[in-house]
Amino acid sequence: MDSVAHRLSAVGAGAALELRGVTRLFGALAALTDVTITVRPGERRAVLGSNGAGKTTLFNCITGDFPPSSGTIRFFGEDITQFPPYERIRRGLRRTYQISALFPGLTVHDNVYLACRGVSRGRFSFLRPGQTDALMHATESLVQAVHLTAVKDQRVAELAHGQQRQLEIALALAGAPRFILFDEPAAGLSPTERRELIEILTSLPAHIGYIIIEHDMDVALRVVESVTMMHNGRVFKEGLPREIESDPEVQELYLGGGHE
Amino acid sequence: MSLLQSTQFRSDPAASATRRAFLRAWPDFQNPAAWIVALILVIMPLIASGFFLIEIFATTLILGVIALSLMFLAGYGGMVSLMQLTIAGFAGYMVAVFGVSGNANISLGWPWWLATPMALALATLFGTLGGALAVRTEGIYTIMITLAIGAAFYYFTNQNWAIFNGHTGINTVATPHFWGVDWRADIAFYYVTLGVAAICYFAVQYVSRAPFGLALQGVRDNSRRMAALGFNPNAHRIAAYAFAAFIAGLGGVLQVWNYRQISPGSVSVGACIDILIIAVVGGITRPIGPFIGAFIFVLLRTFALDVLIKFGLDGNRFRLLIGLGFLAIVFWSSDGVIGLWERWRQRNKSTATRRSGGHHG
């Protein structure tokens, strides 16, 4: 193991996210095999790999959408391996989905409001929020942060693709996130929208770490400080962006491998 | 439409924002038709005879309340429950069992103000337990489980004599008398049902925009994402069943007061399906739908008989008419009569704008 990877995984107890020997089987197919990853609080990391490398399965194991078949996952020191997704989210974990997973029947405002409500008290409240409600303010400012104020009363089904991607990010920023998983946030975005996305990612408070799955290297390598390369459900390489970029093995596998 | 609104409210942005929020929260208050309907309902006893008041309007409101509980589950939660009438019937039975009836060996003889809350509490518990079973499944399996609960309860009431008095049921159920008023007298009872129906209607409308209702619609649209936002989707679904069961229970209490008796026939599988038909024909996207559906259903049930006999057909074929209407609705308007109405208005509006646009251009 080279020194950088060693340095990145040697943080131990103070880790934001710590996966140990995580394996996920779908029948006989191993989507993840013995994945061990450690991410510091505030660290920003890209996960690269071709289709089928296990990137999204990795996210699903971390958030509990599909629990791992074996291995343990710790979030800020707490073992969350057996927790249902909503318990992990309430502890400050967030994610976005590769294919927008929004509430098409509700307005933009209501989508963001739900995200804010989900990580606070009163999820079962039968009382409507007043205009002065603190969560309403949080909702307004979050809608503004992703540039959707003009369409906040529109139903999500009526939004353009780029706006839906921005809303997807807004949902992950609700409340007080400590760590976010971004699953291909730039997919299908125009160059302008990509610039906006990079701006949103780089302007996140420094204590919020994230993992980003991104095929667009221009986006991915500009917003992260470390890279995990996956191949066939295993961690193939870890390192700094420039090391990964110039690594001949990685180039052969991924960059020069005719992917996209 | 959004263009029209923005010109209309341009004058004062702050006030218009508040007003818009209010109108979105309570759409009925800006609708003159809603005010007219409300007025007609309130002065109905001046217009209608006792027969119409009870057999048509009170019955419509009661069936509407029970179907409203299904609309809440299906429209906002995406869960089609066929046991809503069973819950209502259970509440009715409990009113008869705990309250006063002609079957003194069964009824405990509690006063109505004790028996009714007890019946509502037990009905809510029943609906919550049934819901806790049903939320483990989705789609067709939810329908099957709730139908099974309904069928099981029907056969149980038929065979249990200790509490439900078998197939004869419980007769001469006492109704409330207080403040010197017989609340089962035609006019008084009409106002009781109108009051309960109005409360249920506005409660459903209110809750649909409260955090609980919004979260339920979120669970309907994408339960996996709701979990990834910190919500426990199944807990929300079960809570929705509890809320719907309370509403259905209110309908059931009114129903047993209306007929003054309850028997297995009141909770038959056919009656359960009638509630589904009422909700679907009316439309399950809005709380008003079930009441419109119930009105159509009651009118057909009451008058189709005479009409059919006039045409020389068997009067019992009124279900044929309802069935044909149901098929027509399912084929042409999946969101029921209110869906038809909305599309018709939309078309009129768009032709009107086109015409006025022509004048300007």
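Okay, let's start with chain A: its secondary structure adds up to 10 helices and 10 strands. Helices here are DSSP runs of H or I with at least four residues, strands are E runs of at least two, and both are numbered from the N terminus. The radius of gyration of chain A is 19 Å, close to the 18 Å that the globule rule gives for 260 residues, so chain A is as compact as a globular protein of that length. That radius is taken over C-alpha atoms, and the rule is 2.2 Å times the number of residues to the power 0.38. If you want a box, the C-alpha atoms of chain A fill roughly 55 × 40 × 35 Å along the principal axes.

Quick housekeeping. This is a predicted model, where local features need pLDDT of at least 70, side-chain atom pairs count only at pLDDT 80 or more, and totals for chains, interfaces and linings use all residues. Residues are numbered from 1 along each chain as its sequence is written, while chains are lettered from A and ligands numbered from 1 in the order in which they are written.

How about confidence? The predictor gives the complex an ipTM of 0.82 and a pTM of 0.82. Chain B averages a pLDDT of 83, and 89% of its residues score at least 70; pLDDT is the predictor's confidence in each residue, on a scale from 0 to 100. Among the elements of chain B, helix α11 (residues 233-259) has the highest mean, 94, and helix α1 (residues 2-8) the lowest, 40. Over residues 1-11 of chain B, pLDDT stays under 50, and the model has two contacts beyond four places in sequence for that stretch. By contact I mean that the C-beta atoms of two residues, placed from the backbone, lie within 7 Å.

Back to chain A and its domains. The assignment gives domain 1 (3-92 + 177-255) and domain 2 (103-173), with bounds that come from an automatic or database domain assignment. The centres of the two domains of chain A, over C-alpha atoms, are 26 Å apart. Where they meet, 11 residues of domain 1 of chain A are in contact with 10 residues of domain 2 of chain A. On the domain 1 side, α3 (85-90) and α7 (191-202) of chain A each supply at least two residues, and α7(A) has the largest share, with three. By class, that side has six nonpolar, two polar and three charged residues. For the classes, Ala, Val, Leu, Ile, Met, Phe, Trp, Tyr, Cys and Pro count as nonpolar, Asp, Glu, Lys and Arg as charged, and the others, Gly among them, as polar.

Now the sheets. One is an open, antiparallel sheet of four strands in chain A, ordered β2-β1-β4-β5; two strands pair if DSSP finds at least two bridges between them. β2 (29-39) and β5 (78-79) of chain A stand at the edges with a single partner strand each, so one side of each has no neighbour in the sheet. Further in, β1 (residues 17-26) and β4 (residues 70-75) of chain A pair antiparallel over five bridges. Which residue in β4(A) is the bridge partner of Leu19(A)? That's Ile73(A), and Thr23(A) stands opposite Ser70(A) in β4(A).

Next door, β4(A) and β5(A) run antiparallel, joined by two bridges. Arg74(A) has Asp79(A) as its bridge partner in β5(A). The two strands form a hairpin with two residues between them, and Phe76(A) in the turn has a positive phi of about 50 degrees.

The other sheet is open too, with six strands of chain A in the order β6-β7-β8-β3-β9-β10 and mixed pairing. Its edge strands are β6 (93-95) and β10 (234-239) of chain A, each pairing on one side only. Within this sheet, β3 (residues 44-48) and β8 (residues 209-213) of chain A pair in parallel over four bridges, with Val47(A) partnered by Ile213(A) in β8(A).

Last stop, the contact between the chains. How many residues does each chain bring? Chain B brings 23 and chain A brings 30. On the chain B side, α2 (13-25), α9 (186-209) and α10 (211-227) each supply at least two residues. α10(B) gives the largest share, 11 residues. That side of chain B divides into 14 nonpolar, five polar and four charged residues.
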